[in-house]
Amino acid sequence: MNLYNKAATILLFIFEVTLIFTGFTALMQKDYGVFKLSLLAAFSILIPFILSCLAKKKKLNLPSGFQLFGIIFIFTAQYFGEIKDFYDNIWWWDLMLHGAFGSYMVITFLHLIKGIIRMEAEITHKRYVMTTALFAFSFALSLGTLWEIFEFSGDFIFDTGMVKGGLEDTMSDLIVKTAAALITSLIYYFRERNE
């Protein structure tokens, strides 16, 4: 277990205790909206660990800080953003999180393909790097879209209110993720193409 995973495990414990306590307090105060959000966050925060286990079984590479990034992202999005109303009180909070998500998903893809996709002899290095950057960008957009579906599903099933501004909120999230993923993909492309 590397240092990042140890930190992620410690933070997971702290965050889960915080979410359970918040959910229990909300239930006692009959604040069912916060209770549902706490419950959803408590389960969601396990996703990075589940994905890491699946990747390990399939012998796929993930960035060393994947679990740490994942739980911090989910906790800051769900707990601070939704429960503590950072989305309403700090205008850039949502944009910052979605930008970080878009950028980190490109980095995740670049780790995942190591050892899976090999450059064939007839393909130039520049073409290989361009294709890799394009697929990394597409991967980030796909996961960003899945996150928006997650938010919509949470609102639809649990009536959580995660999609604050309806279509405007969803589109601004997707635009920021797209821009961050594009910038990160371009950085990769220009850095790697001449090596």
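H2 and H4 are roughly antiparallel to each other, because their crossing angle is over 145 degrees. In this predicted model, the two helices pack at an angle of about 175°, with their axes 10 Å apart. On the H2 side, the residues that meet H4 are Val34, Leu37, Ser38, Leu40, Ala41 and Ser44. Facing them from H4 are Ile74, Gln78, Glu82 and Ile83. Sort that contact by class and you get six nonpolar residues, three polar ones and one charged.

Let's step back for the overall layout. The protein has eight helices and zero strands, so if you read the elements off from the N terminus, the string is simply α-α-α-α-α-α-α-α. Put a box around the C-alpha atoms along the principal axes and its sides come out at roughly 65 × 40 × 25 Å.

Now back to H2, which spans residues 32-44, and to its contact with H1. The axes of H1 and H2 come within 8 Å and cross at roughly 155°. That angle is over 145 degrees, so this pair, too, counts as roughly antiparallel. As for handedness, H1 passes H2 in a left-handed crossing. From H1, the contact takes in Glu16, Leu19, Thr22, Gly23, Ala26 and Leu27. H2 answers with Tyr32, Val34, Phe35, Ser38, Ala41 and Ala42. By class, the contact of H1 with H2 holds eight nonpolar, three polar and one charged residues. If some of the H2 names ring a bell, look at Val34, Ser38 and Ala41: they meet H1 here, and they also turn up in the contact with H4.

Further along the chain, H6 and H7 make another pair to look at. Their axes come within 8 Å and cross at roughly 130°. At that angle H6 and H7 are oblique, because the value falls outside the ranges for roughly parallel, perpendicular or antiparallel. The crossing of H6 and H7 is right-handed. H6 brings His98, Phe101, Gly102, Met105, Val106, Thr108, Phe109, Leu110 and Leu112 to the contact. The list from H7 includes Phe135, Phe137, Phe139, Leu143 and Trp147, along with Glu148 and Glu151. In class terms, the contact of H6 with H7 is made of 13 nonpolar, five polar and two charged residues.

Glu148 is also a handy stepping stone to H8. Leaving out residues up to four places away in sequence, Thr170 touches Glu148 and Val163. Thr170 itself lies in H8, which covers residues 167-192. For a spatial reference, take Phe152: it is 18 residues from Thr170 in sequence, with 9.1 Å between their C-alpha atoms.

On to the pockets. What lines the largest one, and how much space does it hold? About 530 Å³ of space lies in it, and 22 residues form its lining. Those nearest its centre are Ile47, Leu51, Phe66, Met105 and Leu143. The elements that give two or more residues to this lining are H3 (47-57), H4 (66-83), H6 (93-112) and H7 (125-158). Met105 and Leu143 have already come up in the contact of H6 with H7, and both are among the residues nearest the centre of this pocket. The lining divides into 19 nonpolar residues, three polar ones and no charged ones.

The second largest pocket has a volume of about 370 Å³. Its lining has 17 residues, with Asn5, Ser52, Cys53, Lys56 and Gln67 nearest the centre. H1 (3-28), H3 and H4 each give two or more residues to that lining. H3 gives the most, with five residues. How does the lining of this pocket divide by class? Eight of its residues are nonpolar, eight are polar and one is charged.

Key:
Residues numbered from 1 in each chain as written. Predicted model: local features only at pLDDT ≥ 70, side-chain atom pairs only at ≥ 80, totals over all residues. Heavy atoms only, no water. 1 Å grid on protein atoms, 1.4 Å probe; cavity = no way out; pocket = protein on both sides within 12 Å on 5 of 7 lines; lining within 4 Å. Points joined across faces, edges and corners; volume = space filled by probe spheres on them. Helix = DSSP H or I, 4+ residues; strand = E, 2+ residues; numbered from the N terminus. Nonpolar A, V, L, I, M, F, W, Y, C, P; charged D, E, K, R; others polar. Axes fitted to C-alpha atoms, helices over the stretch in contact; angles between N-to-C directions. Parallel < 35°, antiparallel > 145°, perpendicular 65-115°, else oblique. Left-handed = near helix turned anticlockwise from the far one by under 90°. Contact = heavy atoms within 4.5 Å.
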